[in-house]
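Hello,

Here is the structure I promised to pass on to you. Please open it alongside this message, and my notes on what turned up follow just below.

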Amino acid sequence: MKTNLIKCRTLTFFVSVSIAALVLSTSGCGKGGGGLAGEVDSTKGLKDFYKQYFPIGVAVAPNNLEGDEAELIKKHFNSLTAENVMKPALIHPEENRYDWANADKIIEFAEANGMKVRGHTLCWHSQTGQWMFVDAEGNPASKELALQRLKDHITTVVSRYKGKIYAWDVLNEVITDSDTAASIYRQTPWLKICGEEYIPKIFQWAHEADPQAILYYNDYNTENPGKRERIYKMLKKLLDDGIPVHGVGLQGHWNIGGPAEAAIRESIEKFASLGLDVQITELDVSIYTSRNDTINIGFTPEREQKQIDFYKMAFKVFREKKDNITGVTFWNVSDRRSWLDRRGPAAATKAYPLLFDTELKPKKAFWEVVKF
Ligand code: GLA
């Protein structure tokens, strides 16, 4: 508000009080884009409101870095994650071919605009070239071959962006969702070929390639008590063994039905108790509570209110936990496009999970997140 009033001062100086009032109410000088800013300064971006707390990031595709989306990103965010282009299948599509162009675009945009970059992700069971798991004859790769490839991949990618990427999601989603399975691990090709021992190794290789990089384990459903416990168990063992793991990424793919405030707080506290940094790495809040939710109900006032309440609650917890939280990243820029679109009940077209609408205007939830 203050900045806007100063900006408007030259204008109002020359006009009568009544005209000035009219200008203020119609020019946007006094109110936010959504018209709900109230006492909030709408010239400030999300990152500015959270300056004393933690960086605010966003997952992007290279085509988000042009036009009106680029302007929105520059105003509101000070950290970038590549939504897809640094994943193994995209950055390393064939054994002897890396494709750096798209990843480089994100790094260049971040550098030009003074933003941090999180690297995502070095080892995952999904979006990984199938060539990694087979030998030259098309037979399953041996453990030695698979480990060698992982080492080459990690060393090459981390070295290229040494000093440019401050934190890496080294390992993504290796813990099972099942509370009854014999193993804590998801049964992935990496586990089947290499056994558990690849896990400490990949952190060590990443650390050797860039000793300054902050290394993360990243997963979803981290608020589920069973899964939280399994993740904790793995991380504790790695730390006890002196493995360079520095943080845990709570993906934060949440929805208007949960998780509960207490569960979010508990997860942050539990992982922080290991001395790890905590980041919310992939935040979005779908208006659908599951794939069985009412079909295509749309962004109704009732669901909108639940989303506002959820975002308000989540950021209140993040602020309370600012000593442990070193970043909050949204997964996608605005409701114009989310990875959740077409994934809801009966492939519902839109999930409306973010703080900016399809016109890139701040939603009501945005104003609640910055009002504190
Ligand atoms: C997981 C991955 C992300 C992304 C999302 C969906 O959370 O970590 O890279 O693929 O799924 O977009």
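Ala-206 is a good place to start: leaving out its neighbours within four places in sequence, its contacts are Leu-122, Ile-154, Val-158, Trp-168, Val-170, Ala-213 and Leu-215. Please keep in mind that this is a predicted model.

Ala-206 also belongs to the largest nonpolar core, which has 92 residues; Ala-206, Trp-168, Val-170 and Ile-202 are the ones with the most contacts inside it. Helix α9, residues 198-209, gives the largest share of this core, with seven residues.

Now look at one of the partners of Ala-206, Leu-122. Leu-122 sits in strand β3. The two residues are 84 apart along the chain, yet 8.7 Å separates their C-alpha atoms. Is Leu-122 buried or exposed? Leu-122 has 26 other C-beta atoms within 10 Å, and 20 or more are needed to count as buried, so Leu-122 is buried. Setting aside residues up to four places away in sequence, Leu-122 touches Ile-154, Val-157, Trp-168, Val-170, Ile-202 and Ala-206.

From β3 you can step across to its neighbouring strands. Strand β3 (residues 116-123) pairs with β2 in the parallel sense, over three bridges, and Ser-79 stands opposite Lys-116 of β3. Strand β1 (residues 56-60) also runs parallel to β2, and four bridges join them. Here Ser-79 turns up again, as the bridge partner in β2 of Gly-57. Together, β1, helix α4 (residues 67-76) and β2 form a β-α-β unit, and this unit is right-handed.

What about the two faces of β2 (residues 79-82)? Both are covered: Ser-79 and Thr-81 are buried on one side, and Leu-80 and Ala-82 are buried on the other.

There is a ligand to look at too. Which residues are around it? You will find His-120, Asn-172, Tyr-220, Gln-251, Glu-282 and Trp-339 there. Sorted by class, this shell has two nonpolar residues, three polar ones and one charged one.

Finally, a few totals for the chain. Its secondary structure comes to 13 helices and nine strands. Of its 372 residues, 42% count as buried. If you take the contacts between residues at least 6 apart in sequence, 73% of them join residues at least 24 apart. The link from Leu-122 to Ala-206, 84 residues along the chain, is a handy one to look up when you turn the model around.

Best wishes, and enjoy exploring!

Key. Residues are numbered from 1 along each chain as its sequence is written. This is a predicted model: local features need pLDDT of at least 70, side-chain atom pairs count only at pLDDT 80 or more; totals for chains, interfaces and linings use all residues. A nonpolar core is a set of buried Ala, Val, Leu, Ile, Met, Phe, Trp, Tyr and Cys residues joined through C-beta atoms within 7 Å. A residue is buried if 20 or more other C-beta atoms lie within 10 Å of its own, exposed if 12 or fewer, and partly exposed in between; C-beta atoms are placed from the backbone. Two residues are in contact if their C-beta atoms, placed from the backbone, lie within 7 Å. A residue is near a molecule or strand if its C-beta atom, placed from the backbone, lies within 6 Å of it. Ala, Val, Leu, Ile, Met, Phe, Trp, Tyr, Cys and Pro count as nonpolar, Asp, Glu, Lys and Arg as charged, and the others, Gly among them, as polar. Two strands pair if DSSP finds at least two bridges between them. A crossover is right-handed if, with the strands pointing away from the viewer, the path from the first strand over the helix to the second runs clockwise.
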